[in-house]
Amino acid sequence: MTVLLRTRVTAIGPEVADLAEGGVVILFADGSPPELAEVSVLHKTEHGPSDGAPQKGASITLGPVAATITAVGSSAWSKVLEMGHVVISFNGATEAERPGEICASQVDGQALVAALKTGAIITIAA
């Protein structure tokens with residue numbers, strides 16, 4: 001397994017739980033503007049990101065929650081490379097609705113909320 005990105009959660013915005021219950025997680029690198037931090041999981045990269053984007057079938061884990069990537073938007077990985085930003089939708093969609101979105105298999109919303117804690121590790125691997 002090749003790790004494409006491993007990052008550690010540094011802060012959780014006050015509106016993150018509501019989004020995560022609905023299966024959406026927004027990542028932003030530390031230092032994002034305050035208005036974006038409210039809805040974002042702030043993180044600090046420990047490994048990567050790789051030059052190449054993940055493909056369908058790659059894995060994504062947020063703490064103990066694991067899913068399979070089902071679609072990658074056309075600009076999603078370039079935003080990860082540029083500013084550590086991506087929207088992850090755990091909706092099982094086979095096509096990303098937005099260019100900056102990564103879609104993954106559905107997960108339990110409550111488990112996702114519980115997994116999003118300061119210090120949690122998020123990994124995308126092929």
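**Working through the terms in this fold**

Q: What area does the chain expose, and what supplies 53% of it?
A: About 6,000 Å² is exposed, and carbon and sulfur atoms account for the 53%. The area comes from the Shrake-Rupley method with a 1.4 Å probe, and for residues only the protein chains shown count as cover.

Q: What kind of model is this, and what pLDDT do local features need?
A: This is a predicted model, where local features need pLDDT of at least 70 and side-chain atom pairs count only at pLDDT 80 or more, while totals for chains, interfaces and linings use all residues. Residues are numbered from 1 along each chain as its sequence is written, and side-chain values use heavy atoms, with hydrogens and water left out.

Q: How many helices and strands does the chain have, and what order do the elements run in?
A: There are four helices and eight strands. Helices are DSSP runs of H or I with at least four residues, strands are E runs of at least two, and both are numbered from the N terminus. Starting at that end, you read β-α-β-α-β-β-β-α-β-β-α-β.

Q: Why is the chain called as compact as a globular protein of its length?
A: Its radius of gyration is 13 Å, and the globule rule gives 14 Å for 126 residues; the two are close, so the label fits. The radius is taken over C-alpha atoms, and the rule is 2.2 Å times the number of residues to the power 0.38. Those C-alpha atoms fill a box of roughly 30 × 30 × 25 Å along the principal axes.

Q: Why does H43 count as buried?
A: Buried means under 20% relative accessible area, exposed means over 50%, and partly exposed is in between (1.4 Å probe, protein chains only). H43 comes in at 3%, so buried it is. This histidine sits in strand β3 (residues 41–47). Contact means heavy atoms within 4.5 Å, and beyond four places in sequence H43 has contacts that include T7, F28, D30 and G84.

Q: Which UniProt annotation covers H43?
A: The unreviewed entry has "modified residue: Phosphohistidine" there. UniProt positions follow the numbering used here and feature names are shortened; annotations may be inferred rather than shown by experiment.

Q: Why is C103 called buried?
A: Its relative accessible area is 0%, so it clears that cut-off. C103 is in strand β7, and among the residues it touches further off in sequence are T68, I69, S89 and A96. I69 is 34 residues away along the chain, yet the two C-alpha atoms are separated by 5.8 Å.

Q: Why is S50 put in its accessibility class?
A: At 18%, S50 counts as buried. Its place is the loop between β3 and β4 (59–62), and leaving aside neighbours within four places, it contacts L4, W77 and L81.

Q: What makes the G48 and P49 peptide bond cis?
A: Omega is about 0° for that bond. P49 lies in the loop between β3 and β4. Most peptide bonds are trans.

Q: Why is D108 called partly exposed?
A: Its relative accessible area is 49%, which puts D108 in the partly exposed class. You'll find D108 in the loop between β7 (101–104) and α4 (109–115).

Q: How many side chains are positive and how many negative?
A: There are 7 positive and 13 negative, with the centres of the two sets 8 Å apart. Lys and Arg count as positive and Asp and Glu as negative, leaving out His and the chain ends.

Terms used
The place of a charge is taken as NZ of Lys, CZ of Arg, CG of Asp or CD of Glu.
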